[in-house]
Amino acid sequence: MNTNEELLPQFNLFRQRAMMVGVVGVAALAAGALMSEADFFQSYLYGYLFWMGLTLGCLGILILHHLVSGSWGHVVQRYVESGARTLPYMALLFIPIIIGMNQLYPWTNHEGLEHVVEKKLGYLNVPFFLVRQVIYFGFWSLVAYWLSKNSRLQDQSGDVHLTRKMKIFSGPSMVFFVITVTLASVDWMMSLEPEWYSTMYGVGRIVGAVLTALAFCIVLVRWLGDKKPLADILTTRHIHHLGNLLMAFTVLWAYIAFSEFLIIWSGNLPEDNMWHIRRMNSEWSVFAVVLIVGHFAVPFALLLSRGLKRHIEPLSRIAVGVLVMRLVDLYWLVYPAFNNHELHFHWLSLAAPAAIGGIWLWLFIGQLKSQPLLPLNDPRFHNGMAEQH
Amino acid sequence: MAEVLSLLRKPLVLDNKSYADVTHDIAKPLERKTSTAWWAAFIISVGVLLIGIAAVVYQIVTGVGVWGLNNTVGWAFDITNFVFWIGIGHAGTLISAILFLFRQKWRTSVNRSAEAMTIFAVMCAGIFPIIHTGRPWFAFWLVPYPNFRGPLWVNFRSPLEWDMFAISCYFTISLVFWYVGLIPDLATLRDRTTSTIKQKLYGFFSLGWNGSNRTWHRYEKVYLLLAGLATPLVVSVHTIVSWDFATSVIPGWHTTILPPYFVAGAVFSGFAMVLTLMLIVRKVMSLEAYITTHHIENMCKVILATGGIVGLAYATELFVAYYSANGYEQFAFINRALGPYGWTYWMMVGCNILATQFFWFKKLRTNVIWVFIISVIINVGMWFERFVIIMTSLTRDYLPASWASFTPTIIDLATLAGSFGLFFTLFLLFARFLPMVAIGEVKGVLNYGRNGKGGHA
Amino acid sequence: MTFFVKRPDIYGLMAEFDAPEKILAAAERAKQEGYHDMDAFTPFPMEELTDALGIRHSKLSLFVLCCGLFGMLFGFFFQYWVSVIDYPLNIGGRPLNSWPQWIPVTFELTILFSAFGAVIGMIFRNGLPRPVHPVFNVDRFELATKDKFFLCIEAVDPKFDKEKTRKFLESLKPDYITVVDHVHTKDPYHQDDE
């Protein structure tokens with residue numbers, strides 16, 4: 001049964017608008033590229049990383065859901081599946097970054113490199129980089145499509161064995177997911193400053209991605225929660241669970257960012273303190289303050305309140321705030337690599353996330369409308385829904 | 001179909017026990033005559049504890065020279081043991097607090113004894129930094145207190161001072177959490193016992209609990225709050241322990257992933273210890289209906305997950321050491337695997353990473369003997385992990401002139417053994433005088449999974 | 001002893017049930033009947049019962065939050081005062097105001113103060129320790145911590161009437177109904193007065 005028919009007009013309207021934003025954004029990007037190539041590539045990378053973070057966060061939640069299967073997971077399962085299914089398209093959208101590589105990544109130019117970076121060229125070189133991207137995107141797409149395919153099969157057949165099959169598949173997938181995303185975060189972001197390294201970096205990016213995806217899911221629950229089929233099963237408990245998760249990941253993000261900072265600040269070694277010096281002993285420190293307040297203190301304080309966590313209206317507003325802060329965080333992670341000490345802002349850094357976002361949402365809704373919004377034949381679904389504490 | 005059914009909810013307590021059965025089964029062992037087996041175990045534990053006390057007394061009287069440590073390898077055995085024990089404690093808080101927040105009802109059968117284990121493990125851990133100061137009678141100098149020596153305060157920039165706060169705070173809150181959980185059960189024992197002395201004692205400590213709903217309501221609230229507070233606390237404790245290492249500049253220690261890696265490792269080792277103890281307890285005290293294979297399997301899954309995080313952290317460290325192109329960093333890791341203490345590194349990898357992989361298989365997760373063996377192996381492996389981290393970095397730091405080596409003396413070993421003696425002595429006393437399973441909480445989940453219904457609480 | 005209202009000559013009436021569903025139904029009936037001053041005594045927490053009895057939800061969280069905030073501010077500024085004002089010391093060339101390194105202790109004190117607030121608040125609000133309570137006079141009451149469920153309607157309730165309330169309790173089909181005496185009747189020192 002296709003439970004989406006009532007929603008189809010809304011989905012199609014949203015898709016149209018997303019496409020419009022995407023087309024206008026791409027046009028703006030093209031114009032920007034003609035004006036300033038460097039700004040174009042930097043902004044493109046920035047916009048891409050935000051939406052790719054969301055995509056990977058969706059994939060991470062999907063794998064986690066199959067492993068632990070809480071009832072909140074069934075509510076968002078189809079959202080994260082659809083998000084993860086954009087991965088092959090995101091691979092295509094990665095092409096501009098490959099084209100702009102030698103403007104973005106200092107290690108692609110073999111002259112004038114610092115001695116320490118020269119020693120890394122065994123890992124940081126273009127052919128190996130490309131091979132890695134193929135592996136990442138291949139693996140991620142495989143997991144996303146395999147899991148959603150089996151879930152769709154279960155929708156039709158109701159075969160309970162599939163649940164177990166997906167669970168077994170998800171265990172090793174989680175291990176490889178963490179490894180690949182850690183390496184990808186080194187490739188895409190850490191190597192923008194190739195002389196710097198930190199073991200926590202990948203963990204921080206994974207947590208950031210999952211947080212983005214969680215906030216995005218909460219916004220979707222706000223949009224679709226009062227419409228069939230979700231309205232039939234959505235309870236305060238699901239919302240409470242999502243709120244708790246949002247709080248947990250907000251805290252986790254702060255924990256990881258602070259731990260990394262404290263360790264580097266205390267050690268104060270020249271080989272690893274420049275990353276924070278660039279971002280905190282410069283004009284960029286404004287961002288640091290905004291992040292402490294807006295990415296941690298405010299959402300945390302709000303999410304302490306049980307009332308706010310249990311109602312989708314206030315919770316979704318907090319989630320929107322978190323999404324905005326994710327953009328701010330990413331800006332602070334990426335741009336100081338190109339602009340050491342001065343704050344830098346180019347209108348393209350608004351156009352790029354909008355353009356890629358338009359395309360992404362168009363793809364996402366396309367995936368979402370093609371399948372029932374709830375995995376109704378998952379045996380754990382009814383099990384979880386019956387559970388009322 | 002059996003496999004498929006296992007996806008669905010299973011009863012947490014087997015054999016269709018009634019409320020009265022729960023009280024009876026858990027309180028009965030406390031009222032029986034002390035068994036010979038208990039006495040045997042107790043005498044051995046106290047004997048080992050006495051050896052430890054003798055070693056510590058000898059060390060205090062003679063000086064820290066009786067240990068194998070030296071100027072370069074200052075932390076040596078003591079801090080290895082300290083980190084090991086603190087880690088053990090973390091599973092108790094995880095079970096009682098984090099699983100509570102996640103509404104994991106299976107925790108009710110194991111949380112009481114896991115919390116007790118936490119408290120005893122933290123006590124064992126606390127001994128080591130205190131004796132490691134060399135002059136333990138001045139240990140109170142670690143506390144910032146007003147004094148007449150002119151303005152003189154502790155150094156709040158030192159992670160060792162953070163440790164003092166973290167450990168004492170952790171101990172206090174674990175104790176309070178445990179006691180709050182015990183109050184209703186003490187009332188149950190009070191209402192059951194026939195001995196006047198026991199009735200007075202249980203009556204005193206149960207604070208006149210009468211099971212009134214108003215009381216329960218506030219009690220539940222405070223339990224939830226404590227769980228919410230203990231969760232970040234337990235993470236912070238091992239994070240701070242990791243900062244003892246990471247905020248220094250020693251290669252192999254100064255690495256940013258250490259906090260989550262230490263926390264996962266702590267939970268990993270703690271769950272292994274919970275399993276080791278629980279598998280013995282359920283057999284000896286006939287609690288198989290309460291601590292079922294379902295519980296054991298769940299704990300194995302937690303071990304698998306945290307072990308996976310630990311393994312990924314090892315891999316990340318290796319990769320970033322390579323990627324850093326930093327000679328000191330790279331040497332630290334080559335030395336770990338191939339240096340003079342290389343065998344301990346492979347011991348750690350073998351016990352923590354390889355041994356854990358067996359838990360991917362349901363057959364092995366539900367095989368009690370097998371789980372017991374692996375849990376002991378993990379305990380050994382996690383002790384070696386701390387040994388590896390401390391020893392390989394301290395014996396080979398920046399200056400080859402200060403390279404040294406460390407061999408534990410008999411006093412070192414006796415002190416470590418003594419800490420195990422203390423741990424088991426306390427645990428045996430606990431098993432003899434207090435309910436091993438949270439009676440009230442188990443009653444609340446008794447109907448869980450029966451006739452497809454949820455529990456009451 | 002109060003001077004304004006005559007103290008009822010008993011504490012209340014207590015009905016005993018043998019299953020959680022039964023006491024839940026009984027509490028709901030009693031609430032419909034208009035009783036307010038009542039309490040249930042159960043061997044394990046029953047969240048639904050709190051609503052059935054019409055007990056106000058606890059405000060403990062707010063108190064705990066205040067304790068935590070106090071602990072946080074105290075923790076941070078105490079370290080600031082020690083390290084910057086009272087005993088400034090150059091340690092490893094770090095600034096006197098090394099705020100990142102004060103976060104750990106600040107955090108620990110926040111948790112410690114909150115936890116103390118929570119536990120002390122609970123014990124205080126629950127009136128514990130309270131070893132002597134009228135309900136303990138009921139002979140079978142020791143089963144309240146084992147497997148029986150008790151509903152007590154207190155005599156101070158305006159709707160309370162010894163006979164009518166008894167009839168009402170009987171209609172709930174409990175296993176036993178007992179009169180709950182005040183504490184002092186069992187007190188050996190006052191027995192002569194009775």
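**Surroundings of A:D39 and the interface of chains A and B**

Leaving aside its neighbours within four places in sequence, A:D39 is in contact with A:H344, A:H346 and A:L348 in this predicted model. The residue A:D39 lies in helix 2 of chain A, which spans residues 37-68. Between the side chains of A:D39 and A:H344 there is a polar contact at 3.1 Å. Although A:D39 is buried, A:D39 takes part in no salt bridge, and the nearest side chain of opposite charge, that of A:R279, is 15 Å away; with a cut-off of 4 Å for a salt bridge, that separation leaves A:D39 without such a partner.

The second feature considered is the interface between the two chains. The size of an interface is often given as the accessible area lost when the parts come together. Chain B and chain A bury about 3700 Å² between them, of which 69% is on carbon and sulfur atoms, and the contact draws 37 residues from chain B and 43 residues from chain A. Across this interface zero salt bridges are found between chain B and chain A, whereas eleven residue pairs are in polar contact, with both residues at pLDDT 80 or more.

On the side of chain B that touches chain A, the elements that give two or more residues are helix 1 (2-5), helix 8 (213-246), helix 9 (258-284) and helix 10 (293-324) of chain B. Helix 10 of chain B provides the largest share of that side, nine residues. By residue class, the side of chain B that touches chain A comprises 20 nonpolar, ten polar and seven charged residues.

Technical notes
Residues are numbered from 1 along each chain as its sequence is written. Chains are lettered from A and ligands numbered from 1 in the order in which they are written. This is a predicted model: local features need pLDDT of at least 70, side-chain atom pairs count only at pLDDT 80 or more; totals for chains, interfaces and linings use all residues. Side-chain values use heavy atoms; hydrogens and water are left out. Contact means heavy atoms within 4.5 Å. Buried area is the accessible area (1.4 Å probe) that two parts lose on being put together, summed over both. A polar contact is a pair of N or O atoms within 3.5 Å; within protein, one must be able to donate a hydrogen and the other to accept it, and residues adjacent in sequence count only if both atoms are side-chain atoms. Helices (H or I, at least four residues) and strands (E, at least two) are DSSP runs, numbered from the N terminus. Ala, Val, Leu, Ile, Met, Phe, Trp, Tyr, Cys and Pro count as nonpolar, Asp, Glu, Lys and Arg as charged, and the others, Gly among them, as polar. Buried means under 20% relative accessible area, exposed over 50%, partly exposed in between (1.4 Å probe, protein chains only). Lys and Arg count as positive and Asp and Glu as negative; His and the chain ends are not counted.
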